[in-house]
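Here are some notes for a colleague who is opening this structure for the first time. They are set out as numbered points, to be read with the model in view.

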Amino acid sequence: MSALNPAVLKTALIAFGFAGQVLFFMRFILQWLYAEKYKKSAVPMSFWYFSLAGGFVLLTYAILVKDPIFVLGQSTGAIIYLRNISLVMKEKGTRPRSFGFWMVIMLLVYFGMVGIAAYYFPDVVSKDKPHYTGFIFAVGIIAQGMFFLRFLVQWIMSERAKKSVFPVMFWWFSLGGSVLLLIYSVMVHDAVFIAGQSVGILIYVRNLYFIKLEKQPQPD
């Protein structure tokens, strides 16, 4: 890979990262359309499929650009996405008995492919990437902590309900984490994650708006 033009390689890497953000963006577009249709905060099955695909691409991108904060955040996503797919299938009565086995296989393939990418592209680092200070790391860690808590809360609530549910705290943690990750992305000059977090904030605010409407008393 060292023979490749660094500028071309960097452009290709950024394009790859934006492809991941497009997949993540599509999941929220579908969720947004679904919520607009039913006038409530709700998540279709396609949300999880796009999350899984986008998470794989963005985890690979984060490893290639050697961003420890986003590697940490994207690494936990696949397990949560697959678990929610399992719960939705169970709720609909369409989950096959072998789903647990295939979930393990998918995770092994998922992380195996990312590992291969990391092995063969160990030197893809932007020369103009800023030095990571303690403050930058602190902002990133707190942001990813909030993102982790959103899915931890969602996971616990889903396990209790035996179906995929989204408590209001999920959206508040998403909003807070996204704002901090946007700040972090600006500090490390990463256009891919700046674009992703900017769009995410709008979606989270919109879902909180729908939840507020749901709680208002309905006219007789």
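How many aromatic pairs does the structure hold?

1. The structure holds 16 aromatic pairs. In one of them the ring centres of W48 and Y81 lie 6.1 Å apart with the planes at 45°, so this pair is tilted. It joins distant parts of the chain, since W48 belongs to helix α2 and Y81 to helix α4 (residues 77–92), with their positions 33 residues apart in sequence. Please keep in mind throughout that this is a predicted model, and that the values given below are computed from it.

2. Are W48 and Y81 buried or exposed? W48 has a relative accessibility of 1%, and because buried means under 20%, it counts as buried. Y81, at 4% relative accessibility, counts as buried as well.

3. A further tilted pair is formed by W171 and Y204, whose ring centres are 6.2 Å apart and whose planes stand at 45°. This pair too links distant parts of the chain, with W171 in helix α7 (residues 168–187), Y204 in helix α8 (residues 191–215), and a separation of 33 residues. W171 is buried, with a relative accessible area of 0%, and Y204 is also buried, with a value of 3%.

4. Which residues form one aromatic cluster with the residues of these two pairs? The cluster consists of F47, W48, Y81, F151, F166, F170, W171 and Y204, so that both of the tilted pairs described above, W48 with Y81 and W171 with Y204, belong to one cluster.

5. Q154, in helix α6 (residues 134–161), deserves a look alongside the cluster. Its relative accessible area is 0%, and Q154 is therefore buried. Leaving aside neighbours within four places in sequence, Q154 is in contact with W48, I80, N84, S164, V165, F166, P167 and F170. Among these contacts of Q154 are W48, F166 and F170, which are also members of the aromatic cluster.

6. Helix α2 (residues 45–64), which carries W48, has 20 residues and reaches 30 Å from its first C-alpha to its last, close to the 28 Å expected at 1.5 Å a residue. The helix is mostly covered, as 14 of its 20 residues are buried. Just after α2, K66 takes a positive phi of about 60°, a point to check when following the chain out of the helix.

7. T60 offers another view of helix α2, in which it lies. T60 is buried, with a relative accessible area of 5%. Not counting residues up to four places away in sequence, T60 touches F16, V114 and A117. T60 and L13 are 47 residues apart in sequence, while their C-alpha atoms are 10.0 Å apart in space.

8. How many salt bridges does the structure hold? There is one salt bridge in the structure, and it is formed by R83 and E159, with the closest N and O atoms 2.6 Å apart. It links distant parts of the chain, because R83 is in helix α4 and E159 in helix α6, 76 residues apart. In general, side chains of opposite charge can pair when their charged atoms come close. Both partners are partly exposed, R83 with a relative accessible area of 22% and E159 with one of 24%.

9. Two arginines should be viewed together with aromatic rings. The charged end of R27 sits over the ring of F24, 3.9 Å from its centre. R150 lies over the face of F147, at 4.0 Å from the ring centre.

10. Finally, some values for the whole chain may help to place these details. The chain has eight helices and zero strands, and, read along the sequence, it follows the pattern α-α-α-α-α-α-α-α. Of its 220 residues, 40% count as buried. Among contacts in the chain with a separation of 6 or more, residues 24 or more positions apart account for 77%. The accessible surface of the chain comes to about 11800 Å², and 72% of that surface belongs to carbon and sulfur atoms.

Note on methods:
Residues numbered from 1 in each chain as written. Predicted model: local features only at pLDDT ≥ 70, side-chain atom pairs only at ≥ 80, totals over all residues. Heavy atoms only, no water. Helix = DSSP H or I, 4+ residues; strand = E, 2+ residues; numbered from the N terminus. Expected span 1.5 Å × (residues − 1). Buried < 20%, exposed > 50% of the residue type's maximum accessible area, 1.4 Å probe, protein only. Contact = heavy atoms within 4.5 Å. Phe/Tyr/Trp six-rings, centres within 6.5 Å; stacked < 30°, edge-to-face > 60°. Lys NZ or Arg CZ within 6 Å of the ring centre and 35° of its normal. Salt bridge = Lys/Arg side-chain N within 4 Å of Asp/Glu carboxyl O. Areas by Shrake-Rupley, 256 points an atom, 1.4 Å probe, with all protein chains shown as cover.
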